[in-house]
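Here are my notes on the model you sent. Please read them with the structure open.

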Amino acid sequence: MNTVNTGKNIFKLKGTSKMKVIMLLLMMFSFNIVFSQNYIDFQKNITRAEIAILDSNYTEASNIYYDLFQNYNFVFLGNCVSACQSAIAINNDTLAFYFAERAIKHGLKMNQIETEKTLKLLQTKAQWKAFSANYDSLRVIYTKSVNWELRKKINELYDRDQLWRDRHELQWWNFLWKPLIKRRWYKELEQIVEMELVPLIKQYGYPGEKLIGVDEKYMHHKSKNDSYNSSKIVIILIHYYSKNRSLDDTFLLEEIKKGNLHAKQFADFHDFRARTSSKNDYYCQWYWNLQYLNTFVEDVNKRRAEIGLGTHELRLRELKHFIEGRKQRNNPKPFVEIIY
């Protein structure tokens, strides 16, 4: 009888039996790689890279991003951009173009490279010509990865939300009717989220950029630029949870693990849920400047750590870094952003 133990014994098999076992082991190995791609672990390492950015240690940040990206099939576009900017800041052209190629595979467009103050420095490098010639083939990889039917549906849900949002927020002549408009808007959000979005999540997973790609300017008349992320559902859920709702969002924690939902985006809309409920279970991602935060900051930090985010103190550093970035817009020196 042929031996089928792993290790040296596998090479004692002959012919078809040997091939079958090899194929089986390869399939098991591939499955284990995919199965091990827990995106809470991913986010923990992204947090390490972001700490390095805040410390201006761009070499360490670049290395963390590179090691991490090698182990994940899907990575968020914002992380790719931060990684590329880090490599540009230390003049590591090899890594910069690796990250740029990875970014295109996850939705970055050429016009974004050519106009963003740090990314456009790639055009001065010797590798630019070969890189730009390869853009179209890289872009195809991205477009084939997107569920365009699901993207179309999400755009429609977003448009319905924005229709009522504008009636409530922008049409000043309706001020007498605002309470009624708000009530109608919140009723529409109940339909959008509970009757349409939740079934879509159960069928496909949370429709973030892993499934439906990043938001592009042409997708909605309000969009002024192509985006580094997919935030339409986040905006819908922020509006939805601006009213006290019975829908518990903890089922979305599994979507974070799968990489369908960005941990920081979950923390954004969950903060609205915390504000309108009695649980006080903030992540302090959106509502980061709460009164009496010092009385429950340990709970906030524990909650954040469970989904891979850094401490509340780190969130404050990130906000200061964001403000500094806005001041640096006209400075020709590279600036490394933290994007999500």
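Which residue follows H10, and what is the sign of its phi? Gly205 comes right after the helix, and its phi is positive, near 105°. Keep in mind that this is a predicted model. My points follow.

1. Start with the bend in H10. The helix covers residues 178-204 and has a kink of about 35° at Leu197. The proline Pro199 comes shortly after that kink. Leu197 itself is one of the buried residues of H10.

2. Next, the buried side of H10. The buried set is Ile181, Trp185, Tyr186, Glu188, Leu189, Ile192, Val193, Glu196, Leu197, Val198, Leu200 and Ile201. Please look at Glu188 and Glu196, which are both in that set. As for the spacing, an α-helix has 3.6 residues a turn, so residues three or four places apart point the same way.

3. What covers these residues? Three helices are included in the cover: H9 (148-169), H12 (232-240) and H13 (253-258). Of these, H12 returns in point 5, where it supplies at least two residues to a pocket lining.

4. Now a loop residue. Phe296 sits between helix H14 (263-276) and helix H15 (297-306). Is Phe296 buried or exposed? Its relative accessible area is 10%, and the cut-off for buried is under 20%, so Phe296 counts as buried. Leaving aside neighbours within four places in sequence, Phe296 is in contact with Asn280, Tyr282, Leu290 and Gln291. Tyr282 is 14 residues from Phe296 along the chain, and their C-alpha atoms are separated by 9.4 Å.

5. The largest pocket deserves its own paragraph. Its space comes to about 1,700 Å³. The lining has 43 residues, and the closest to the centre are Ser227, Tyr228, Asn229, Phe322 and Ile339. Helix H6 (110-115), H12, H14 and helix H16 (312-327) each supply at least two lining residues. H16 gives the most, with seven. By class, the lining divides into 13 nonpolar, 14 polar and 16 charged residues.

6. Last, the second largest pocket. Its volume is about 150 Å³. The lining is made up of Tyr58, Ala89, Lys117, Glu324, Gln328, Asn331, Lys333, Pro334, Phe335 and Val336. How many of these are charged? Three are charged, while five are nonpolar and two are polar.

Terms used: Residues numbered from 1 in each chain as written. Predicted model: local features only at pLDDT ≥ 70, side-chain atom pairs only at ≥ 80, totals over all residues. Heavy atoms only, no water. Bend = angle between axes of the 7 residues up to and from the residue. Helix = DSSP H or I, 4+ residues; strand = E, 2+ residues; numbered from the N terminus. Buried < 20%, exposed > 50% of the residue type's maximum accessible area, 1.4 Å probe, protein only. Contact = heavy atoms within 4.5 Å. 1 Å grid on protein atoms, 1.4 Å probe; cavity = no way out; pocket = protein on both sides within 12 Å on 5 of 7 lines; lining within 4 Å. Points joined across faces, edges and corners; volume = space filled by probe spheres on them. Nonpolar A, V, L, I, M, F, W, Y, C, P; charged D, E, K, R; others polar.
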